[in-house]
Amino acid sequence: MQSKLEKLKGTCVGIAGCGGLGSNCAMALARVGVGSLVIADFDVVTRENLNRQYYFLDQVGQKKVLALRDNIARVNPDVAVEAHDLRLGPDEVVHIFKNCTLIIEAFDRADMKLMIIETVSERFPDKFIIAASGLAGYGENNALRTRRLGSLFICGDETREVSPEMPPLAPRVGIVAAMQANQALEIILDDLALVGDDDAWDEL
Amino acid sequence: MAGESISVRELLTMMKFTFPLIVIKINGQLIKKEDYERVFIGDGDAVEAIHLISGG
């Protein structure tokens, strides 16, 4: 296994968004030894973020990408982190993630999720994208799952939307972030083919 | 689905998929929202859909 994990050193993973999903996913990938991470976010760390995001009290007010780069370095200084403090649109996605093996969608807003899924599908048909949909609230462990549609993986319950009554909380957000990281490992270590067996749309 | 082919938009209406943000793939190919009216689904096409829900 250890020699298999060596493969991760030559791998670059892009992470779009450094909030609850992105910060936790990045730390998981750093711990297992992914060679390089390209991280992007425009936001700063707030006190409210600390209920689920991988930051610390003394980082409140810092740019998320810089704080996350520091946290990664404290765990695994061998990871090369490229931090982009910017708001991602289609052009930025293409520009900063072009050398990545695969891309993790870690936005909070649904319209941004759609933007990056469309952009990656259109501009990088040879890259996998691992997105998240439905992770608010607590409980219902077994509703969280992963589905595959070609080069797109979706992690989450595909149901629970964030609202004042249903906030995003550390356990469920962390589970989904770890599912995304786990899926990334499977893609990399098992050399998943882009054309594979899709999961059926069983809701129909 | 036998007989007439229907558009993606018609299928979504039929299935009561009313979420504002959705990813549709036909035979693995992503269909953009602006193409829902002019892309038609035929017999044997594999259609997949995913709701995109805020939170992260």
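The expected span of a helix is 1.5 Å times one less than its number of residues. Helices (H or I, at least four residues) and strands (E, at least two) are DSSP runs, numbered from the N terminus. The model toured here is predicted: local features need pLDDT of at least 70, side-chain atom pairs count only at pLDDT 80 or more, and totals for chains, interfaces and linings use all residues. Residues are numbered from 1 along each chain as its sequence is written, while chains are lettered from A and ligands numbered from 1 in the order in which they are written.

**Stop 1: helix H6 of chain A**

Select residues 170-189 of chain A, which form helix H6. H6(A) has 20 residues and reaches 28 Å from its first C-alpha to its last, close to the 28 Å expected at 1.5 Å a residue. Its buried residues (20 or more other C-beta atoms, placed from the backbone, within 10 Å of their own) include Arg172(A), Val173(A), Met179(A), Gln180(A) and Ile188(A). Now add the surroundings: the cover over the buried residues of H6(A) includes E1, helix H2 (20-32), E4, strand E5 (128-132), E6 and E7 of chain A. Just after the helix, Asp191(A) takes a positive phi of about 50°.

**Stop 2: the nonpolar core**

A nonpolar core is a set of buried Ala, Val, Leu, Ile, Met, Phe, Trp, Tyr and Cys residues joined through C-beta atoms within 7 Å. The largest one has 71 residues, of which Ile15(A), Ala16(A), Ala26(A), Leu37(A) and Ile39(A) touch the most other members. H6(A) gives the most to this core, with eight residues. Centre the view on Ile15(A). Leaving aside neighbours within four places in sequence, its contacts (C-beta atoms, placed from the backbone, within 7 Å) include Gly22(A), Cys25(A), Val38(A), Ile104(A) and Ala106(A).

**Stop 3: the sheet of chain A**

Display the strands next. Seven of them form an open sheet with mixed pairing, in the order E3-E2-E1-E4-E5-E7-E6; two strands pair if DSSP finds at least two bridges between them. The edge strands are E3 (80-85) and E6 of chain A, each pairing on one side only. From one strand to the next, the twist averages 15°.

At the E3 edge, six bridges join strand E2 (residues 36-41) of chain A to E3(A), and the two run parallel. Val38(A) stands opposite Glu82(A) in E3(A). Helix H4 (residues 90-97) of chain A lies across E1 (12-16), E2, E3 and E4 (102-105) of chain A, running at about 160° to E2(A). For this angle, axes are lines fitted to C-alpha atoms, for helices over the stretch in contact, and angles run from 0 to 180 degrees between N-to-C directions.

At the E6 edge, E6 (residues 145-149) and E7 (residues 152-156) of chain A run antiparallel and are joined by five bridges. Arg148(A) stands opposite Phe153(A) in E7(A). The two strands form a hairpin with two residues between them, and Gly150(A) in the turn has a positive phi of about 65°.

**Stop 4: chain B and its side facing chain A**

Switch to chain B, where one helix and five strands run β-α-β-β-β-β from the N terminus on. Its C-alpha atoms fill a box of roughly 40 × 20 × 20 Å along the principal axes, and 27% of its 56 residues count as buried.

Finally, select the 17 residues of chain B that are in contact with 31 residues of chain A. On this side of chain B, strands E2 (22-26) and E5 (47-51) of chain B each give two or more residues; E5(B) gives the most, with five.

Methods:
Two residues are in contact if their C-beta atoms, placed from the backbone, lie within 7 Å. A residue is buried if 20 or more other C-beta atoms lie within 10 Å of its own, exposed if 12 or fewer, and partly exposed in between; C-beta atoms are placed from the backbone.
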